[in-house]
Amino acid sequence: MSQSGTPGVTLDSRFNMRNSFIRGFAMLIVPPVLLVIILLAHNFYFLEYFHVVAGSMWTGMDLILGIFFSYVMRGLDNFEKTRISMRLTPTMLYFMPAISASTITAGIYTAIALHIPFSSPYIVAALVISAILFVEGIGIFLPNELRVYNEILHGAKNTEKIVRLTMLNLKLSLVQVIFQIAIILVMAHFAVGVNYPQLKQ
């Protein structure tokens with residue numbers, strides 16, 4: 001174990017850029033690779049299945065982070081919060097962008113396969129919500145995670161910064177859950193009485 005500049009905060013010596021990338025690479029690459037394979041197979045059933053499962057995982061992660069982890073972290077001191085952040089950060093940094101981008105992309109291809117016009121108010125609503133989620137993820141969530149990751153890799157000396165950014169992202173996760181529930185409501189419209197066509201070759 002290596003000692004950071006903050007008394008009592010220790011880092012696993014294996015926590016470095018190379019090893020955390022190796023552990024996070026599967027979480028980063030598996031969702032988009034699966035989606036590409038499904039699209040190449042032109043199988044609507046698996047496309048919709050992937051979209052539903054990926055969306056559930058995305059919403060589930062945000063639900064856990066935004067509600068349960070926020071509740072757990074609220075009663076801890078900065079030392080304990082920093083230790084939890086060290087464990088959460090690789091997952092949040094690699095998995096969340098991959099699963100969110102894959103879910104949105106699969107949703108667009110699903111709409112195309114169903115021949116739903118993009119002028120449909122339901123599609124417009126879904127695209128607007130997706131755009132909001134994308135901007136939040138790329139513009140706020142991901143940069144914050146990169147800052148936390150950088151702080152941890154440099155010894156977690158600034159625990160206040162790590163805690164502040166982590167808590168901000170946990171609150172953002174709760175906001176994203178609300179938008180995701182809204183988009184599920186929109187998607188439910190298309191789930192009623194829809195046949196399963198084949199994707200165009």
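F46 is partly exposed, at 44% relative accessibility; the class lies between buried (under 20% relative accessible area) and exposed (over 50%), with a 1.4 Å probe and protein chains only. The model is predicted, and local features need pLDDT of at least 70, side-chain atom pairs count only at pLDDT 80 or more, and totals for chains, interfaces and linings use all residues. Residues are numbered from 1 along each chain as its sequence is written, and side-chain values use heavy atoms, with hydrogens and water left out.

Rings of Phe, Tyr and Trp (its six-membered ring) were paired if their centres lie within 6.5 Å, with planes under 30 degrees apart counted as stacked, over 60 as edge-to-face and the rest as tilted. Two aromatic pairs result from this rule. The ring planes of Y45 and F46 stand at 75°, with the centres 5.5 Å apart, so this pair is edge-to-face. For Y94 and Y149 the centres are 6.5 Å apart and the planes at 85°, so this pair is also edge-to-face. Because Y94 lies in helix α3 (residues 78-113) and Y149 in helix α4 (residues 121-153), the pair ties together parts 55 residues apart in sequence. Helices here are DSSP runs (H or I, at least four residues), numbered from the N terminus. Y94 is buried at 8% relative accessible area, and Y149 is buried at 4% relative accessibility.

F21, in helix α1 (residues 17-41), is partly exposed, with a relative accessible area of 39%.

How values were computed:
Helix = DSSP H or I, 4+ residues; strand = E, 2+ residues; numbered from the N terminus.
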